[in-house]
Amino acid sequence: MSTNATAAIAGPTGGGKAGGGGSGVSDSQAVARRLQSELMSLMTSADAGISAFPDGDNIFNWVGTIEGAVGTAYEGLTYKLSLAFPNDYPFKAPTVKFETPCFHPNVDQFGNICLDILKEKWSAVYNVRTILLSIQSLLGEPNNASPLNAQAAQMWENQTEYKKVLHKKYKDDAK
């Protein structure tokens, strides 16, 4: 996904400002307020195929779900992700990983994701919605110039074969 497309879906985020050089309870409280605000925003959004909620009582650890977009090899498949937010969020990106095994050029066997907005292109304007939409978009539009899974990257050009392998691996992993 291009940086411009990512910025276009980012939109305004709202929420409190955390950080500022200090550490401690006030920063954690500001981050918690920001995450609560993002949760409410995500719950009221009309974005198809994405969702995320705190994992239990810890607002800093979330479970997300992404459905493959219509018209892609991932259509009809659902993936679970973990999102771990640092104490200096949104100034530092969360750690996002696929918990459901995902055969994709930009996802390794451990669920790590190669996506610029989760690394060097991170910005405090991004939020959980932006992250999930960007990963959903990445499923259908991988960056084959920066693969974590060389086999998936090589197969990508032949979508018929790619889809067969993808769906077989998805079913095998579900067992």
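Two strands are taken as paired if DSSP finds at least two bridges between them. In this predicted model, six bridges join β1 to β2, and the two strands run antiparallel; within this pairing, Phe 53 has Val 63 in β2 as its bridge partner.

The wider sheet is open and has four strands in the order β1-β2-β3-β4, with antiparallel pairing. Because β1 and β4 stand at the edges, each with a single partner strand, one side of each is left without a neighbour in the sheet. From one strand to the next, the twist averages 25°. Helix α3 packs on this sheet, where it touches β1, β2, β3 and β4, and the direction of α3 makes about 130° with that of β1.

| Element | Residues |
|---|---|
| β1 | 50-55 |
| β2 | 58-67 |
| β3 | 78-84 |
| β4 | 95-98 |
| α3 | 128-140 |

The largest nonpolar core has 44 residues, and those with the most contacts inside it include Trp 62, Phe 98, Val 128 and Ile 135. Two or more residues are given to this core by each of α2, β1, β2, β3, β4, α3, α4 and α5, and the largest share, seven residues, comes from α3. In soluble globular proteins, nonpolar side chains tend to be buried together.

An unreviewed UniProt entry lists Cys 114 under "active site". Cys 114 is found in the loop between β4 and α3, and it counts as partly exposed because its relative accessibility is 25%, where the partly exposed class lies between under 20% for buried and over 50% for exposed. Leaving aside residues up to four places away in sequence, Cys 114 touches Asn 106, Leu 138, Ser 146 and Leu 148.

Terms used
Residues numbered from 1 in each chain as written. Predicted model: local features only at pLDDT ≥ 70, side-chain atom pairs only at ≥ 80, totals over all residues. Heavy atoms only, no water. Axes fitted to C-alpha atoms, helices over the stretch in contact; angles between N-to-C directions. Contact = heavy atoms within 4.5 Å. Core = buried A, V, L, I, M, F, W, Y, C linked by side-chain atoms within 4.5 Å. Buried < 20%, exposed > 50% of the residue type's maximum accessible area, 1.4 Å probe, protein only. UniProt positions renumbered as here; feature names shortened; annotations may be inferred.
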